[in-house]
Protein chains: 2
Amino acid sequence: MNIGVLGAGQLGRMLALAGYPLANRFTFLDTTGHPSAGIGEVMIDTDRKHLETFLEKVDLVTYEFEHLPVSLVQAIEEHKPVHPSSEAIRVCQNRAEEKALFDRLAIPTPAYRLVDSAEALEAAARELGTPVVAKSVTEGYDGKGQAVIRDPAEASDAWRSINHPRLIVEAFVDFVREVSIIAVRGRDGAVAFYPMAENVHVDGILRYSVAPMPDLDDAIQQTADGYIRALLDELDYVGVLTLELFQTRDGGLLANEMAPRVHNSGHWTMDGAVTSQFENHLRAIQGLPLGDTAARAPTCMVNVIGREGEAADILAIEDAHLHRYDKGERPGRKLAHVNLVAPTVDALLEKVRACAALLPDAPPPRFSFE
Amino acid sequence: MNIGVLGAGQLGRMLALAGYPLANRFTFLDTTGHPSAGIGEVMIDTDRKHLETFLEKVDLVTYEFEHLPVSLVQAIEEHKPVHPSSEAIRVCQNRAEEKALFDRLAIPTPAYRLVDSAEALEAAARELGTPVVAKSVTEGYDGKGQAVIRDPAEASDAWRSINHPRLIVEAFVDFVREVSIIAVRGRDGAVAFYPMAENVHVDGILRYSVAPMPDLDDAIQQTADGYIRALLDELDYVGVLTLELFQTRDGGLLANEMAPRVHNSGHWTMDGAVTSQFENHLRAIQGLPLGDTAARAPTCMVNVIGREGEAADILAIEDAHLHRYDKGERPGRKLAHVNLVAPTVDALLEKVRACAALLPDAPPPRFSFE
């Protein structure tokens, strides 16, 4: 089976590495002009002229990037199966749609307002209580428009700087930690859930994911499983879905956002779970049985961002698994990740600290459970 | 680093799958006209005109196949580092050289004689006691010349059928089981040993490998470690080396043959060991630290030969890992393997039986420890 992938970055690369053993072949459609997958056949389609050729080559289409024109994905669906569907993309690329879906399924979120003027933004900031974060409801190829408002008087400046006709305004959450739940749903509706991860972001970029969360309460996992199952079933979803949440002081979970794809906070599964998120995504979209999502041992994913450390030093750590993306160094760019596996959480934390010390731009690892 | 691989079959394919995460790129040189790696850049060189271009592309050369002209490998060594060296190839492709090396290092082997005539073959059969097996000392691209002699009077027929000027004649060994030891040696001389595997061959083709051998005696592992370390050090070897042995009724080990490469009896390491044989080979030849060779859990590799079973059925077995080579079906052809992992040997055997039942051409699994 030849699998077409929209996007050609490291997620596509790791999908392919998981798919060759299933005798899959891969054709990537890159619309950025800067593919980095470095594997399979990569078609560069910056002029939108190669879609037909791409579709002739492939049996099935998936994607590693959800900020695609919905109309493009719908057009592809006329010719080849696409998993997850364009409906998942439509919802996930619009924060207003996403929040409406969370509300409809009774998945709690931070308090929010939708606004379409500077005045409405100011009023929302007052109602929710500052600080708030204002975000454009859609997000294009070229990054994010968002601003933190610490005083309602800053609303008009924020409105101008974001420069988008519709914004979502969210109350700040006093969270204990950021977590994520990843699940996979097969074509037959079967669902499997990975153990939840605790995620550490610095400046909005994921730095560390630890899974299973060391102090994970069964009830919390079950709550998260229920939320993501509701999303999967509602969207008649096929493939891997990721839901990022905040855990509050009282143990509650508030949904932040979802991604209709394999996710950085699931990279730990490559070495820490019986079946990786990449293999399970491929199993799902091909109608194969889902693989076991259990963790083999406590695992931490350490992102390598901006600059790479010495591979030899990293590989000298016992049970360290380096996954390089074969990309050039650039500040803020995801270049690789290291999965560290250990028999106990204490041993794991020691390895994480040793690994972080080898990475030029890694922030100190700090977790809620330490 | 761009790694050049001589040969482009499934071993090269799996090397590449292990090497992409190390940011390696792969160029294969295929001299058969029938490459199957299906990954990286494959150069078909049936006319021996592409070697120079190949060498310009690569930083380092290794191979997945030892029946290469030694002169070719020596010529490559003039231009680029080759690991393992041409000396390893020279010894491994000649049974007389190999046995002489075993003798020199005091590694016990079955009793043998070298003969260069039908008369000498008959005399050797008498001396060793029939049955004996006669094999040409070298083995070309096109398979094996060997014959079993059950009566010395059959010697002249066997001599004609093998049709080679020099044969090695080996006494039959009353073995309890066939086993293998795989080890890896780094550029700095560091050595790591995998736990030994019990191998089941049917009609000369490997069918099952179980590792670690369930009833493995520490002393046996240490003996095997000592033998392979002697070989590695004597050859100043860099990379993965495999030694196949017979275990006799008294627990002793007799060396059968060695292979200067990753080996089918080490495929279990892809899912059953902390670091796979493929990754460790790549770490070694690049001068990176060796990875942990410990087993994670009892593992059995099941070869898929001739015809493939239904992937969906195989993947429905818990902790089953399918590795397809994306090759066409043909009697006797290695098409894939399945790694089964289980917490106990009993649970493992149940999975092996379930898996074998799904493979059209799989012989019933029978192990010495059952």
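Two helices count as roughly perpendicular when the angle between them is 65 to 115 degrees. I start with that cut-off since the opening example needs it. Please keep in mind that the model is predicted.

The example is in chain B. Helix H1, residues 10-19, and helix H10, residues 277-285, have axes that come within 8 Å and cross at roughly 75°. H1(B) and H10(B) are therefore roughly perpendicular to each other. On the H1(B) side, the contact is made by B:Leu11, B:Met14, B:Leu15, B:Ala18 and B:Gly19. H10(B) brings B:Phe278, B:Glu279, B:His281 and B:Leu282 to that contact.

Staying in chain B, take helix H6, residues 118-128, and helix H7, residues 155-162. Their axes also come within 8 Å, and the crossing is at roughly 125°. That angle makes H6(B) oblique to H7(B). As for handedness, H6(B) passes H7(B) in a right-handed crossing. Which residues meet there? From H6(B) they are B:Ala118, B:Leu121 and B:Glu122, and from H7(B) they are B:Ala155, B:Ser156, B:Ala158 and B:Trp159.

Now to chain A, and helix H3, which covers residues 70-77. Which residues are buried in it? A:Val70, A:Leu72, A:Val73 and A:Ile76 are. Looking down the axis of H3(A), these buried residues fall within an arc of 160°, so they line one face of the helix. A general point helps here: an α-helix has 3.6 residues a turn, so residues three or four places apart point the same way. The cover over the buried residues of H3(A) includes strand S1 (2-6), helix H2 (51-57), strand S4 (60-63) and helix H4 (86-92), which belong to chain A.

One residue outside the helices: A:Asp151 sits in the loop that runs between strand S7 (146-149) and helix H7 (155-162) of chain A. Its relative accessibility is 38%, so A:Asp151 counts as partly exposed. Between A:Asp151 and A:Phe193 there are 41 Å in space, C-alpha to C-alpha, and the two are 42 residues apart in sequence.

Last, the two chains together. How is chain B superposed on chain A? A rotation of 180° does it, with 0.0 Å of shift along the axis and an RMSD of 0.0 Å. This is the relation of a two-fold axis. Within chain B, B:Leu17 has the C-alpha nearest that axis, at 3.1 Å. Both copies use the same surface, in that 100% of the contact residues of chain B recur in chain A.

Methods:
Residues numbered from 1 in each chain as written. Chains lettered and ligands numbered in written order. Predicted model: local features only at pLDDT ≥ 70, side-chain atom pairs only at ≥ 80, totals over all residues. Heavy atoms only, no water. Least-squares fit on C-alpha atoms with pLDDT ≥ 70 in both. Contact = heavy atoms within 4.5 Å. Buried < 20%, exposed > 50% of the residue type's maximum accessible area, 1.4 Å probe, protein only. Helix = DSSP H or I, 4+ residues; strand = E, 2+ residues; numbered from the N terminus. Arc of directions from axis to C-beta. Axes fitted to C-alpha atoms, helices over the stretch in contact; angles between N-to-C directions. Parallel < 35°, antiparallel > 145°, perpendicular 65-115°, else oblique. Left-handed = near helix turned anticlockwise from the far one by under 90°.
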